[in-house]
Amino acid sequence: LEDVHELQQRVRELEDEIQERQISQDRLKGTLSRVEDELSEARLDIAQQPYALRAVMEIDFEDTVANAETKTIMDLQLQEDISIALRIPKAQVEVLCYTRGLGTMAEVKISTGMATQSHGNRHDSSSSGKALAEELQKQVADPKSEIHQGPAGKRIKEIEVHGPIAVQAARALRSALLEVDSDLHRTQLDLARFHDKLSEAHTKHRAAIKTEELMKQEIVKDCDARLQAASAGFREQLARALDTEKDQTLKEQASAFKQQAKDHEDAMQRNLLENNKQIAELSDKNHVLEHEIKAVRDNLYGLEVNSSSVRIEAERARDKLRLAEHTTSEMQHACTKVDEIIVPELNSCLMTLSNIESEMHFFHTHCMRARAVVPPANGSSSPSSENAHRSKDCIEKDMSVLRLQLEILSQFSYS
């Protein structure tokens, strides 16, 4: 009975653990859905998208974020410390998930704030996700910065900036989902193992009850046999005494034998009543155990149904991940095509600019030679010559600026 109660307690603990892991899995699925929406919106305006980064923290995964309650506390602390360090609202900071690694790695998303607009639709870079992520990376590298003052911020030892929400964030969410699936599978294996132990204990219990019933039946049979043998012996003695002796002494002895036989029969009856009472008590205990075992079977059936639903949800999450990866690969392919079109055009513009510059230099040289043939009358440089020199300086300055801008554009790549 003690083994059965311990197994029932362990089954209840496993049910609570499975429920917590299902809640964590549902949260990860919601986060993954938001990331997929952000990936689809990345085609419209990459500059306004939030930035993803990875914070490597010196904390134990099992003691802090494996449990739903402690994970919620760590999320709030990390969100508050980052928002205070960057001087932004807490709504702009979101903790996506946690994964195991060199410590505990937290995937964090930093959204852009309400920035001022200038020159059309361009936003101020001081409030962009990239600027905030780089500022947080600098603060983590500085031991005296504000991020190290918070309870969660002081445990961050490294920041890795991924960039706009893209393949890295999706890969991290997939890794976190696989870890949740692994934990759930391990819990299910523990549940199956305890189910086997419970079945074995139930089998042993039934065998013990059966053995005890057989022993009780043997005891009752033995008592009946002894009672019958004793009664037969006393009757024979009484009959012999009545047949052989007719005097008063023999009658008194026969009366004494009868009294002894009666006392012995009463004792045997009392023993039978006590044995029957014990058999009834054992039967009641057996019924109680059968009801408890039936309840355990019902709980195990519920666990199997919940496990089946969890597997179905995990398959759906994997399908969504494959769709997100396919969309990301299509975006990368489109960016590569854009690079193949823009970069050759920019190189052509640079070549054309070089030709224009050489022609302008050649033209200016000939102009200077033509003016040198007719010197001014008073021996000083003419205004036309000075204007030509200034024109040359301006052209060279503008050409160098234009060349620098085109070189920077030629190095740009969407991939």
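**Exercise 1. Find which residue just after helix H3 takes a positive phi, and examine the helix that precedes it.**

Solution. Just after H3, the residue with a positive phi, of about 60°, is Arg-87. The structure is a predicted model, in which local features need pLDDT of at least 70 and side-chain atom pairs count only at pLDDT 80 or more, while totals for chains, interfaces and linings use all residues. Residues are numbered from 1 along each chain as its sequence is written, and side-chain values use heavy atoms, with hydrogens and water left out.

Step 1: helices (H or I, at least four residues) and strands (E, at least two) are DSSP runs numbered from the N terminus. The expected span of a helix is 1.5 Å times one less than its number of residues, so the 19 residues of H3 (residues 68–86) should span 27 Å, which agrees with the 27 Å between its end C-alpha atoms.

Step 2: at the start of H3, a side-chain oxygen of Asn-67 comes within 2.9 Å of the backbone nitrogen of Glu-69.

Step 3: the buried residues of H3 (buried is under 20% relative accessible area, exposed over 50%, partly exposed in between, with a 1.4 Å probe and protein chains only) include Met-74, Leu-78, Ile-82 and Leu-86.

**Exercise 2. Work out which strands pair with E3, and in what sense.**

Solution. Step 1: two strands pair if DSSP finds at least two bridges between them. Strand E1 (residues 51–57) pairs with E3 in the antiparallel sense over 7 bridges, and Tyr-51 stands opposite Ile-110 of E3.

Step 2: strand E2 (residues 93–101) is also antiparallel to E3, over 8 bridges, with Tyr-98 bridging to Ala-106; E2 and E3 form a hairpin with 1 residue between them.

Step 3: E3 (residues 103–110) is mostly covered, since 7 of its 8 residues are buried.

**Exercise 3. Identify which residues of the largest nonpolar core touch the most other members, and which element gives the largest share.**

Solution. Step 1: a nonpolar core is a set of buried Ala, Val, Leu, Ile, Met, Phe, Trp, Tyr and Cys residues joined through side-chain atoms within 4.5 Å. Of the 27 residues in the largest one, Met-57, Leu-78, Ile-82, Tyr-98, Val-108, Ile-110 and Leu-136 touch the most other members.

Step 2: the largest share of this core, 5 residues, comes from H3.

Step 3: beyond residues up to four places away in sequence, Met-57 has contacts (heavy atoms within 4.5 Å) with residues including Met-74, Leu-78, Ala-106 and Ile-156.

How values were computed
A polar contact is a pair of N or O atoms within 3.5 Å; within protein, one must be able to donate a hydrogen and the other to accept it, and residues adjacent in sequence count only if both atoms are side-chain atoms.
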